[in-house]
Amino acid sequence: MSRSFRPQSITATPFSRTPPGNMANRNHLNAYAGPSALRDYFDPDVQPMLPLVEIPQSLNPFYDDGVRIHAKMMSMHPANNVKIMPALKMLAEKVDPAKSKTIIEYSSGSTIISLALASRINHGIHDVRAYLSNKTSPAKLRLMQFFGLDVYERSI
């Protein structure tokens, strides 16, 4: 295998909406308490940075060329669910808590569960409805009901 590509040294910085130098607002102990504990837990500006972990040599085909690859540990998101990030963004951009009383999503997975958690905690909206295919497993239906979702099945 010929390798003409020679990477340059790159320094990556984890993404954060917190301006540089404002790290004092981050919760370095990753402990949340008080009336805003759940809201703070879901706030990316309060959470500690997601860890970056180097991919081991056995999984990195460019290791011998001096390339080190780091992966962001997305499983460290709240509720161990990467879908919380688009859910938070959708709610922040499209939901007016003064006008919105119900969240409806055609989803049978992590997105609707994340929307349910974030809408309750950040916006006080408790009426979250999931429209699912009739092919959704009973275990997944129970999980969604556990998170307080109103579940509606649709035939495909």
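Student: Tyr131 has 25% relative accessibility; what does Tyr131 count as?
Tutor: Buried means under 20% relative accessible area and exposed means over 50%, with partly exposed in between (1.4 Å probe, protein chains only). At 25%, Tyr131 therefore counts as partly exposed.

Student: What kind of model is this, and how are residues numbered?
Tutor: This is a predicted model, in which local features need pLDDT of at least 70, side-chain atom pairs count only at pLDDT 80 or more, and totals for chains, interfaces and linings use all residues. Side-chain values use heavy atoms, without hydrogens and water, and residues are numbered along each chain as its sequence is written, from 1.

Student: Which residue forms an aromatic pair with Tyr131, and how is the pair arranged?
Tutor: The structure holds one aromatic pair. Rings of Phe, Tyr and Trp (its six-membered ring) pair if their centres lie within 6.5 Å; planes under 30 degrees apart count as stacked, over 60 as edge-to-face and the rest as tilted. Here the centres are 4.9 Å apart and the planes differ by 20 degrees. The partner of Tyr131 is Tyr152, and the pair is stacked.

Student: How many residues apart in sequence are the parts that this pair ties together?
Tutor: Helices (H or I, at least four residues) and strands (E, at least two) are DSSP runs, numbered from the N terminus. Tyr131 lies in strand 4 (residues 127-133) and Tyr152 in strand 5 (residues 150-154). Tyr152 is partly exposed, at 31% relative accessible area. The pair therefore ties together parts whose separation in sequence, in residues, is 21.

Student: Ala130 is also in strand 4. Which residues does Ala130 touch, beyond those up to four places away in sequence?
Tutor: Ala130 is buried, at 0% relative accessibility. Its C-alpha atom is separated by 6.6 Å from that of Leu149, 19 residues apart along the chain. Contact means heavy atoms within 4.5 Å. By that cut-off Ala130 touches Glu105, Ser107, Ile112, Met144, Asp150, Val151 and Tyr152.

Student: What are the elements of the protein chain, from the N terminus on?
Tutor: The chain has four helices and five strands. From the N terminus on, they run α-β-β-α-β-α-β-α-β.

Student: How far apart are the end C-alpha atoms of helix 3?
Tutor: The expected span of a helix is 1.5 Å times one less than its number of residues. Helix 3 (residues 110-123) has 14 residues, so it should span 20 Å. The model agrees, with end C-alpha atoms separated by 19 Å.

Student: How many of the 14 residues of helix 3 are buried?
Tutor: Helix 3 is largely enclosed by the rest of the structure. Its buried residues pack against helix 1 (37-41), helix 2 (84-94), strand 3 (102-106), strand 4 and helix 4 (138-146). Among the buried residues are Ile112, Leu115 and Ile121. Of the 14, the number buried is 11.

Student: Which residues is Ser114 in contact with, leaving aside neighbours within four places in sequence?
Tutor: Ser114 lies in helix 3. At 1% relative accessibility, Ser114 counts as buried. Its contacts are Asn81, Lys83, Ile84 and Ala87.

Student: Where does the side chain of Asn60 reach?
Tutor: Asn60 lies in the loop between strand 1 (52-54) and strand 2 (70-72). Asn60 is buried, at 4% relative accessible area. Leaving aside neighbours within four places in sequence, Asn60 is in contact with Ile55, Val67, Arg68 and Ile69. At 2.9 Å, its side chain reaches the backbone nitrogen of Phe62.

Student: Leu59 lies in that loop too. Is Leu59 buried or exposed?
Tutor: The C-alpha atoms of Leu59 and Ile69 are separated by 9.6 Å, 10 residues apart along the chain. With a relative accessible area of 60%, Leu59 is exposed.

Student: Arg68 lies over the face of which residue?
Tutor: A charge sits over a ring if NZ of Lys or CZ of Arg is within 6 Å of the ring centre and within 35 degrees of the ring normal. Arg68 is at 3.7 Å from the ring centre of Tyr63.

Student: Over which residues is the pLDDT below 50?
Tutor: pLDDT is the predictor's confidence in each residue, from 0 to 100. The chain averages 76, and 76% of the residues score at least 70. Where pLDDT is low, the predicted coordinates should not be read in detail. The pLDDT is below 50 over residues 1-21.

Key
Polar contact = N/O pair within 3.5 Å; in protein donor to acceptor, adjacent residues only side chain to side chain.
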